[in-house]
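Here is a short report on one protein model. It covers a metal site, some enclosed spaces and a few unusual backbone spots.

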Amino acid sequence: MITGDGAYIKKINRGLILSKIIEHKAVSRADLSKITGLNKATISVQVADLLNDHLIYETQQEHNVVGRRPILLSINRSAGYVLGIDLDYKYIQYTVSDLGGHPVDFHAVELETENYHDILKILIDQIKAYQEKWSASTYGLISVTIGIHGTVNNDERINFVPTYQWQNIGLKEDLNKELDIEISIQNNANLSAYAERVYQYHESNNLLCIMLFSGIGVGIMIDRKLHKGFHGYAGEMGHMIIRQDGDACNCGNRGCWELYSSEKSLLKKLKKHLHRTPLSYDDIRQLIEEQDPTTLEILEEYIIDLSTGLNNIINMYNPETLVLTSEILKMYPDVIEKIKSNLKSTVSEYGSLALSELGKKSCSMGACALAIQRFLEVPEVVLTLENTVVKK
Ligand SMILES: [Zn+2]
């Protein structure tokens, strides 16, 4: 049993009530009491506070029901907004979400520069523009959460970003010098794993999200919480060695998994053997549809290397849910069945294996979801998207 002073208990109860209002979308005071186990007097006082803070609003049930129509409570989605940013190599994606986790503004830009100070300036200008744009609501733009494709330590300082070769960078401090808004820096795969759990796999307690893009990053959720490791660097599985004396990796080792199973490595191989540069996602889609033998052969080899790493991860974590995030795998028919046929070990067991539906938007959406959880001080968030929001 949790014990503590009155204010602490009140805060715990408020978080629980708010999280259930978000999850159930529209719920009566009586049902909140049943769901949370809190008595009706407590619910009544807390709801009054939340209404006063403009975080929830009341509606009357529309449907024909016998007797009095109950008053339902919903999250006031437009009370404030959060900004999630995916800072990838030469590419930045911005998602603004309302407090119900619905993306309301999406914007992606190609970066011409690799220079840290130029990118810092772009971020500052863009964040200021978003603050201005969303200032009219009760809480305005509440916070900014940035996903980094590299290691981020427990103090939210960037340790290393391989693609940019950035080491020991205080992005959060540099942004705080110029901006008057809460900033959070997180690893991209962690944010993606968080998005998968919050938006798609509500029931999953143990989830691994494997990001197969410029490298391989893995976000790990154990018992519904992000597992970050001692320094904050857990999940760098792209650098597990699958070929002794394999190709040299920029981490200092040889034969790392991401040299064979990232999309970057797959694209490099396809370009080389097809003698085609540039080679777009649309080109690859067409080659697969045409059953181009070279493309299919390379994809088959790719699936084998991918499965080798997956086999190792499965043995390490015995995961409930494995989510693969890749644009190219989405184009390849029956790819999940093909991967499963390579996972033959009698000891490596997992619950489910699927391709991510959130795809490349998972990082910035996870950033928004994490910001909502922190702002509302709720124990966890369960969000659902209206159809078509994340579809291209
Ligand atoms: Zn490596």
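A donor is an N, O or S atom within 2.8 Å of the metal. Keep that in mind for the metal site below. Note also that this is a predicted model.

**The zinc site**

Which residues coordinate the zinc ion? They are H239, through ND1, and C249, C251 and C256, each through SG. The distances run from 2.1 to 2.3 Å. Around the zinc ion, the four donor atoms subtend angles of 103 to 121°, so the arrangement is tetrahedral. Four donors count as tetrahedral if all angles lie between 85 and 135 degrees.

Along the sequence, the donor residues follow the spacing H-x9-C-x1-C-x4-C. H239 and C256 are 17 residues apart, and the pair links distant parts of the chain. Both H239 and C256 sit in the loop between β14 (225-226) and α7 (258-261).

Are these two residues buried or exposed? Buried means under 20% relative accessible area. H239 has 19% relative accessibility, so H239 counts as buried. C256 has 0%, so C256 counts as buried too.

**Cavities**

A search of the whole structure finds three cavities of 30 Å³ or more. The largest holds about 60 Å³ of space. Its lining consists of D86, D88, Y91, H149, M211, F213 and K360. Three of these residues are nonpolar, one is polar and three are charged.

The second largest cavity holds about 50 Å³. Its lining includes G150, N187, Y233 and E236. Two elements give two or more residues to this lining: β8 (151-152) and β13 (216-222). By type, the lining of the second largest cavity divides into five nonpolar, six polar and one charged. Which domains contribute at least three residues each to this lining? They are domain 2 (80-193 + 361-376) and domain 3 (204-356).

**Backbone details**

T277 and P278 are joined by a cis peptide bond, with omega about 0°. P278 lies in the loop between α8 (263-274) and α9 (281-289).

Two residues other than glycine have a positive phi, N168 and D334. The table sets out their values.

| Residue | Phi | Place | Relative accessible area |
|---|---|---|---|
| N168 | near 50° | strand β10 (residues 166-169) | 51% |
| D334 | about 55° | loop between α11 (327-331) and α12 (335-342) | 57% |

Exposed means over 50% relative accessible area. N168, at 51%, is therefore exposed. D334, at 57%, is therefore exposed as well.

Methods. Residues are numbered from 1 along each chain as its sequence is written. This is a predicted model: local features need pLDDT of at least 70, side-chain atom pairs count only at pLDDT 80 or more; totals for chains, interfaces and linings use all residues. Side-chain values use heavy atoms; hydrogens and water are left out. Donors are N, O and S atoms within 2.8 Å of the metal (3.2 Å for Na, K and Ca); water is not among the atoms, so sites may look incomplete. Four donors count as tetrahedral if all angles lie between 85 and 135 degrees; four count as square planar and six as octahedral if opposite donors are over 155 degrees apart and all others between 65 and 115; anything else is irregular. Helices (H or I, at least four residues) and strands (E, at least two) are DSSP runs, numbered from the N terminus. Buried means under 20% relative accessible area, exposed over 50%, partly exposed in between (1.4 Å probe, protein chains only). On a 1 Å grid over the protein atoms alone, a cavity is a set of points where a 1.4 Å probe fits but cannot get out, and a pocket is an open set with protein on both sides within 12 Å along at least five of seven lines; lining residues have an atom within 4 Å of a point. Grid points are joined across faces, edges and corners, and a volume is the space filled by probe spheres set on the points. Ala, Val, Leu, Ile, Met, Phe, Trp, Tyr, Cys and Pro count as nonpolar, Asp, Glu, Lys and Arg as charged, and the others, Gly among them, as polar. Domain bounds come from an automatic or database domain assignment.
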